[in-house]
Amino acid sequence: MALSETIKAGPASGKLDHIPGHLGLPIFGNTFDFLKDPIAFHNGRREQYGDVYKVSIFGGQTVVLRGADALEYVLMDRDKNFASRRGWDLLWRLFPNGLMLRDFDDHRSHRRIMQVAFKPQPMRDYMSGLNDGIANSMRAWAPSSRFEFYPAIKNLTLELGASVFLGLKMGDDAAKVNQAFMDEVAASVAVLRRPWPFTPMRRGVKARAFLLDYFRDIIPARRAGDGNDMFSQFCRAESEDGAFFTDDEIVDHLNFLLMAAHDTTTSALSTMVWALAEYPEWQDAVREEVLAVGTEQLDFDAQDQLAVTERVFKEALRFRPPVMFIPRFAERPFEFGGYQIPGETSISVSPVLVAMSEKHWTQPTKFDPDRFSDNRAEDRSHRFAWSPFGGGAHKCIGMHFALMQVRAFVFQFLRNYEVALPEGYEARWQALPIPKPKDGLPVVLSRR
Ligand code: HEM
């Protein structure tokens, strides 16, 4: 039967009456149930309604499309139906014009320029900055029977942001810049969206203005200099067709990039270290591999010697992906899963729901890095079975950078420390907007 014959026709008015789902409370909709436990919330809906249903979260109706096929269909977007800018509307006030908030041809031309900053030579340069920065920050980590890992790693990634992304020396204005950046990120997820006095949004808007002025003032020096940081790369980047970023574009891209890189990597490293502490056999296996490399810090060219590290990290990203849901805005009507979905509709697809699906993974709730081994290769069951970095035109531009940063961190961390969980510890994580441990992730840290 042709797909179009199986379509349950929808009203042309753009309403979603024909899409199953219940929308919960007036005004708040399903928001509280969703925030309490997003995975349980969606699994309940799927049992009731199947792979296509509507929800009402954060004040608007969204059509959820479940499964790896949905991820592929929406993210590959062969018909250019799905806008990222209006999907991620929540971020617009603080991060307008960031790469993820651009679409189609405009997005492609900006991405081409930015890609220059992620070529092999700049990546080598970032690696040496990462190695030095990690060594510097980690020096202050004193052994303790209760070391709060989450604030420590957040601080470390902030310091790397200041040095490797912005080219600031510690002591410069790094502390002021980091504070402004944290205010901005806090505002981006604030419930109250208007910048009224004394609200996080007001602080965020002020922080954004400070950061943009700060970045703009140093563009001339970065452009003229030969710095190896990402800011300098953006200032000098020229695409193959000879295009550069303007000053306004540089500051907006930089501002967005810092946000896209920071909480995601902090979250991923927290899950990774929790896993190393929870599964000492994996900690031993990763350490053995790290020690076999034989250097104090990880050389750029030695990265491919870390196959076990890679497997554990891939599993950490499957187990608890930092970006659980990816929003898009359907600009035109489309058909999916037997439904006709009208244009001007918010859409959501989800890496985490696929990562927890028995269709693609054996015992998905179990932490099991061997599922990525060549003989099991569960990640190859579908092109989008494992998609913590998204896919298609907006696939994370910092994916290799993030992998490099995690390898460089784990390398130095396991050479210098052993990590364990306190007796009787039970992990408690907040899932949204980006997973983080509710208790700061206390670990027993001892020197090797
Ligand atoms: C473990 C860490 C990270 C994860 C899990 C992650 C995840 C993602 C995901 C899922 C997307 C796609 C969103 C969408 O399609 O709407 C994305 C986009 C993006 N990420 Fe990452 N990210 C990480 C680290 C980084 C880092 C380190 C950087 C920068 C160095 C970065 C910069 C970006 C940018 C600029 C985009 C937008 C790309 C575009 O629209 O073309 N991310 N990331």
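Which helices and which strand each supply at least two residues of the shell around the ligand? In this predicted model, they are helix 6 (104-115), helix 12 (247-278), helix 16 and strand 5.

## Ligand shell

Helix 12 gives the most to the shell, with seven residues. In all, 28 residues surround the ligand. By class, 20 are nonpolar, six are polar and two are charged. The nearest are His107, Arg111, Arg328, His394 and Cys396.

Three of these side chains place a polar atom close to a ligand oxygen. For His394 the distance is 2.6 Å. For Arg111 it is 2.7 Å. For Arg328 it is 2.8 Å, from a side-chain N or O atom.

## Iron site

The ligand carries an iron atom, and the protein gives that iron a single donor. The donor is the SG atom of Cys396, 2.3 Å away. Cys396 sits in a loop, with helix 15 (351-355) on one side and helix 16 (399-416) on the other.

## Sheet

Five strands make up an open, mixed sheet. Their order is 1-2-8-5-3. Strand 1 (52-57) and strand 3 (82-83) are the edges, and each pairs on one side only.

Strand 1 runs antiparallel to strand 2 (residues 60-65), and six bridges join the pair. Within this pairing, Lys54 faces Val63 of strand 2.

Helix 4 (residues 68-76) crosses strand 2, strand 3, strand 5 (326-330) and strand 8 (345-349). Its angle to strand 8 is about 130 degrees. Strand 5 thus appears twice: under helix 4 and in the ligand shell.

Conventions. Residues numbered from 1 in each chain as written. Predicted model: local features only at pLDDT ≥ 70, side-chain atom pairs only at ≥ 80, totals over all residues. Heavy atoms only, no water. Donors = N, O, S within 2.8 Å, 3.2 Å for Na, K, Ca; no water. Helix = DSSP H or I, 4+ residues; strand = E, 2+ residues; numbered from the N terminus. Pairing = 2+ DSSP bridges. Contact = heavy atoms within 4.5 Å. Axes fitted to C-alpha atoms, helices over the stretch in contact; angles between N-to-C directions. Near = heavy atom within 4 Å. Polar contact = N/O pair within 3.5 Å; in protein donor to acceptor, adjacent residues only side chain to side chain. Nonpolar A, V, L, I, M, F, W, Y, C, P; charged D, E, K, R; others polar.
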